[in-house]
Amino acid sequence: MSEERRKRGSARMTTSFESDMLRLGGAEAAALAGGVKITLFGCDLAVIEGHRGVRKLSAESVGFSVGKKGTLRITGGGLRIIHLSDGLAVVGGKISGVDFV
């Protein structure tokens, strides 16, 4: 196999692989499933995509409506909503748990 052909084939595989991973792991997958996507940045920040509103808010617990799954609950200490818009929220504080209730 020629060097040029080998490089082209390799680049094509990498591009396809990266595209598939981005497509499967991104917000598109959550949107297609009608679900919610939660991204944690350490224990200090959570980004919630696809929520349907705030159900509960305290320094120890923040709850978001997530449709058929019920409520997404973030627990911890000193929790606060840093950003809230239609379908997107950012929660800061000391996060100790994330679950569906």
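**Entry 1: Val 62.** I started with the neighbours of Val 62 in this predicted model. Leaving out residues up to four places away in sequence, I found Val 62 touching Lys 56, Leu 57, Leu 72, Arg 73, Ile 74, Leu 79, Ile 81 and Val 91.

**Entry 2: the core.** Next I looked up the largest nonpolar core, and Val 62 is in it. The core has twelve residues, so I wrote down the other names too, as nonpolar side chains tend to be buried together in soluble globular proteins. They are Val 36, Ala 46, Ile 48, Phe 64, Val 66, Leu 72, Ile 74, Leu 79, Ala 89, Val 91 and Ile 95. I then checked which strands feed this core: E2, E4, E5 (71-85) and E6 each supply at least two of its residues.

**Entry 3: around E4.** I went on to strand E4, residues 61-65, and found three bridges joining E3 to E4, with the two running antiparallel. One pair I noted is Val 54 with its bridge partner Phe 64 in E4. The link from E3 to E4 is a hairpin through three residues.

**Entry 4: E2 and E6.** I looked at strand E2 (residues 45-49) against strand E6 (residues 88-100), and they pair in the antiparallel sense over five bridges. For Glu 49, the bridge partner in E6 is Leu 88.

**Entry 5: the whole sheet.** In what order do the six strands lie? I read E1-E2-E6-E5-E4-E3, an open sheet with antiparallel pairing. E1 (37-41) and E3 (54-57) stand at the edges with a single partner strand each, so one side of each has no neighbour in the sheet. Last, I looked up the twist: neighbouring strands are turned by 35° against each other on average, direction ignored.

Notes. Residues are numbered from 1 along each chain as its sequence is written. This is a predicted model: local features need pLDDT of at least 70, side-chain atom pairs count only at pLDDT 80 or more; totals for chains, interfaces and linings use all residues. Side-chain values use heavy atoms; hydrogens and water are left out. Two strands pair if DSSP finds at least two bridges between them. Helices (H or I, at least four residues) and strands (E, at least two) are DSSP runs, numbered from the N terminus. Axes are lines fitted to C-alpha atoms, for helices over the stretch in contact, and angles run from 0 to 180 degrees between N-to-C directions. A nonpolar core is a set of buried Ala, Val, Leu, Ile, Met, Phe, Trp, Tyr and Cys residues joined through side-chain atoms within 4.5 Å. Buried means under 20% relative accessible area, exposed over 50%, partly exposed in between (1.4 Å probe, protein chains only). Contact means heavy atoms within 4.5 Å.
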